[in-house]
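Please look through the sequence and the structure below before reading on. The paragraphs that follow take up the parts in turn and explain each term where it comes in.

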Amino acid sequence: MAHAFEREETIKGLQSGVPTTLTYIVEIFRDRPRWFDEGIARTRVEVIATFNSLTREYLLNYRRDHKLIRSETFNNLPALQKAMTTIDEPNLFDIGKRPPYKLKVRVKADLMRGWLLYFIPWEFSTRWKAARVASPPEPAR
Amino acid sequence: MTLRAKLFRYRKDPRVIVTVPLLILAGTTLIYYAVQRAKELSPEALSSQVLLFVLANINVLLIFGILFVLLRGIVKLVLDRQRGIIGSRFRTKLAITWVATSLIPVLILFFFATDLLRTSIDRWFNTPVSRILANGEAIAQMSEDQSAAIAAAAAREIAASDPSQLDAALSHVQQFHSVDMVGLYRSGTLVRVVANPRAPIHEASEPPKKFFDDVAASGHATKIDVVATGKWIRSATRVGATPYVAVAGVFIPATMSRLIDESIVMHKNFEQLNAQRPTLKASQTSLFLAVTLAILFGTLWTSIYASRRITIPIKALAEATGKLAEGGYGHRVAVAATDEVGRLIESFNDMSTQLDQQRQALTQTNRYLSTVLDSVSAGILAFTDTFELLSVNHAALQMLQIEQPRSGANLADVLMGDLTPLFDTLRELTARGARAREVTLIRGGELRYLEVSVARLSGGGDEGWVVAVEDSTSLVQAQKLAAWNEAARRIAHEIKNPLTPIQLSAERIARKFRNNDADTPQAIEEGTKTIVSEVGQLKRMVDEFARFARMPAVHLRHAQLSEILQQAAGLYLDVKPGVSVSVTVQDDIEILVDPEQIRRAVGNLLKNAVEATESGEVRVSARRAPHRVVIEVADPGRGVPDADKEKLFLPYFSTKGRGTGLGLAIVHRIVNDHDGRISVHDNHPRGTRFEIELPA
């Protein structure tokens, strides 16, 4: 995801120790022409960064569907930003024996919360992005 | 009992009515308490998503509650107004007024308070405190950085030492740079170390693999570890191309590291708060909003409930007024109230009771009057100006031989056929404001004489008329018989008077002729002359009688009275020497009469007056009086004795010793035909004065 840390407030918030979360929602569909796409699976990936001002380390928790998968520490901000804005997760979905052709992926990142009229929560989100994925190669026999 | 009935019962329960506002008050107090406690909470707690979620849900619930109560109240008011339920408009005004008077101040207060709060929060982060905290953190970090720089310099010096003399280099560097530990690691394992014996080297954990990976990747790395007794700052440098890593560490004891950490943590907390400023504002605004909405909800609910409670007695009063207007006398309002409305209800109930009592008294009086009216022999009819029958008594039904008509029937439909003359008479009398008239009609093949008297219904205004009908058939017949007897006596007397000279003349002629007297021709001539004269007198008398019997019907039209009187007087000007006739009358008296007959009546009076006057002035005058016009003919003649005044208007009564005695009878009849009245009085100083009153 690009431009996630362009805002100075985001960096300052992160470095002040406020837990900063990027939430990715990934959905996979089977494309059905002239009809609604068939939803196959959906997952929620959260990357939560917290700065420890005493040790000057960034702790990054990686959660999937509200379960902690792994934790990492970072000493420098660029490495943290790269880790937060890149999802490199093989085998994200188990789609069983479904034909893998015509699949679409949509990704949504919930960046942070704003407030309308100072009290109505307003989520800042990216637009849904769709991309076709190629069929995995047939396993060699 | 259904759920709705149960709810309805609870809704009316005063305990519920008291409990609900108390609960709202308690909720408001709780929120206020939470606001007060908020200053003791950490920034994380204040900006907690859970707190915001709870507040947002409370606000949403309150907003929906307000909207529900408001919409329900509006819908009920609209439906009540459409159904025309009394009191709905008053309730609407009351509720709008109360809601407006509570809504506007609360909203103004809310906007001012939240704006002040947001401004205050912004001001927190623009004070010198933030700069002091930042400087404190910078100093603390500089202190750590300095220690890290010393450790890094020591590590670099070890890495740059001769590998064959590393043991000596470790000791030299540890002492030269005053670091608390120096060591060599090979593949993440400590192989050699030199440490300050006062430094708690055993508390420092072994660096993680990532630390050595960073050293391998970038050539050096720094790591800070917090331990129980202080803080270790370790720096590492790769030793050339060897698998060794030189590590130097500086220990900051707890007494110092705590101060450094506090400076850092305090500033970071401050920064966190600053970073979460929008969320903080949101949580505070939400708290205020929750309090405001709770107040509004309570106010709204109370306003609508109170407006409904207040209008209950007014509605009951209005409904009772409607029932009273429909004739439900004695209806009482059963709603209890102790305020001014209660006094009004009490007064209304008293009024209703009194009206009921008066109605009963009136009914009794009406019954009594009906009994009286039914017992009188005269027929009584009452009707409106549009001739709608109001009442008719039993005597009238019998007299007119009609069935009991329905109330409100048109009089023309009741008095039809043979009774049409009676209706025409009533219409004429009411139109002219006259009081009495005699009506002759044939009912059941018999000639009936009815005396009709009309009077305006008492009470003023133009409410209608009441008519008294008296059957005077027997009386009239008796009067006629007496009149005929008197007329026959007078006619006999009048006829007898000329018959005597005729008889005497005829006997004288016969005697002369039988005796063959010498003066027979003269006697014949004288006798014949006498007979012819007396026969002529008889003929004139018969002509007058015929004229009296053939009195024409009255043809009323509007005429100027002065003109009529001038014409009548004109015939008697200069008729008798020494007697003059004068007319004094206003020019603007217009009257509904038969001008010919009135002229004849006044002429007859003038004729008598001139004949009775030796010398002097005969005065004719007319004047207006209430509801009538009075015509006077006064002469200075010899006057009329009191004994003759009663008989003066009878036919064939004369005080002149000549004439037929029909003149004043004709005048009397003409005046009667005009619904008028004639009377005779003494004139002052002498003479006679006739007074004719005609309705105006």
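Two residues are said to be in contact if their C-beta atoms, placed from the backbone, lie within 7 Å. Helices (H or I, at least four residues) and strands (E, at least two) are DSSP runs, numbered from the N terminus. This is a predicted model, in which local features need pLDDT of at least 70 and side-chain atom pairs count only at pLDDT 80 or more, while totals for chains, interfaces and linings use all residues. Residues are numbered from 1 along each chain as its sequence is written, and chains are lettered from A and ligands numbered from 1 in the order in which they are written.

A convenient place to start is a sheet of chain B, where 5 strands in the order 2-1-5-4-3 form an open sheet with antiparallel pairing; two strands pair if DSSP finds at least two bridges between them. At the edges stand strand 2 (189–195) and strand 3 (220–227) of chain B, each of which pairs on one side only. On average, neighbouring strands of this sheet are turned by 20° against each other, direction ignored, where axes are lines fitted to C-alpha atoms, for helices over the stretch in contact, and angles run from 0 to 180 degrees between N-to-C directions. Within the sheet, strand 1 (residues 181–186) and strand 5 (residues 244–253) of chain B run antiparallel and are joined by 6 bridges, and Val182(B) is found opposite Ala248(B) in strand 5 of chain B.

Two helices accompany these strands. Helix 6 of chain B lies across strand 1, strand 3, strand 4 (230–238) and strand 5 of chain B, and runs at about 35° to strand 4 of chain B. Helix 9 of chain B also packs on the sheet, where it touches strand 4 and strand 5 of chain B, and its direction makes about 85° with that of strand 5 of chain B.

How, then, do helix 6 and helix 9 of chain B pack, and at what angle? Helix 6 (residues 128–160) and helix 9 (residues 254–275) of chain B pack at about 140°, with their axes 8 Å apart. The two helices of chain B, helix 6 and helix 9, are therefore oblique to each other, since angles under 35 degrees count as roughly parallel, over 145 as roughly antiparallel, 65 to 115 as roughly perpendicular and the rest as oblique. Helix 6 of chain B passes helix 9 of chain B in a left-handed crossing; a crossing is left-handed if the near helix is turned anticlockwise from the far one by less than a right angle, and right-handed if clockwise. Among the residues that make the contact are Leu133(B), Ile139(B) and Ala140(B) of helix 6 of chain B and Ile260(B), Met266(B) and Phe270(B) of helix 9 of chain B. The residues of this contact divide into 8 nonpolar, 6 polar and 2 charged, where Ala, Val, Leu, Ile, Met, Phe, Trp, Tyr, Cys and Pro count as nonpolar, Asp, Glu, Lys and Arg as charged, and the others, Gly among them, as polar.

Another helix pair of chain B is formed by helix 5 (residues 88–124) and helix 10 (residues 277–325), which pack at an angle of about 165° with their axes 9 Å apart. That angle makes helix 5 of chain B roughly antiparallel to helix 10 of chain B. Helix 5 of chain B passes helix 10 of chain B in a right-handed crossing, and the residues of their contact divide into 19 nonpolar, 9 polar and 5 charged.

Further along chain B, 5 strands form an open sheet of mixed pairing in the order 12-14-15-17-16. Its edge strands are strand 12 (579–585) and strand 16 (677–682) of chain B, each pairing on one side only. Strand 14 (residues 616–625) and strand 15 (residues 628–635) of chain B pair in the antiparallel sense over 7 bridges, with Ser621(B) opposite Glu632(B) in strand 15 of chain B. In the hairpin of these two strands of chain B, strand 14 and strand 15, there are 2 residues between the strands, and His627(B) takes a positive phi near 65°. Helix 18 (residues 595–612) of chain B lies across strand 12, strand 14, strand 15 and strand 17 (688–695) of chain B, running at about 25° to strand 15 of chain B.

Finally, the two chains meet: 17 residues of chain A are in contact with 22 residues of chain B. On the side of chain A that touches chain B, helix 1 (8–15) and strand 5 of chain A are the elements that give two or more residues. Confidence in chain A is lowest in strand 5 (residues 103–116) of chain A, at a mean pLDDT of 66, where pLDDT is the predictor's confidence in each residue, from 0 to 100. Where pLDDT is low, the predicted coordinates should not be read in detail.
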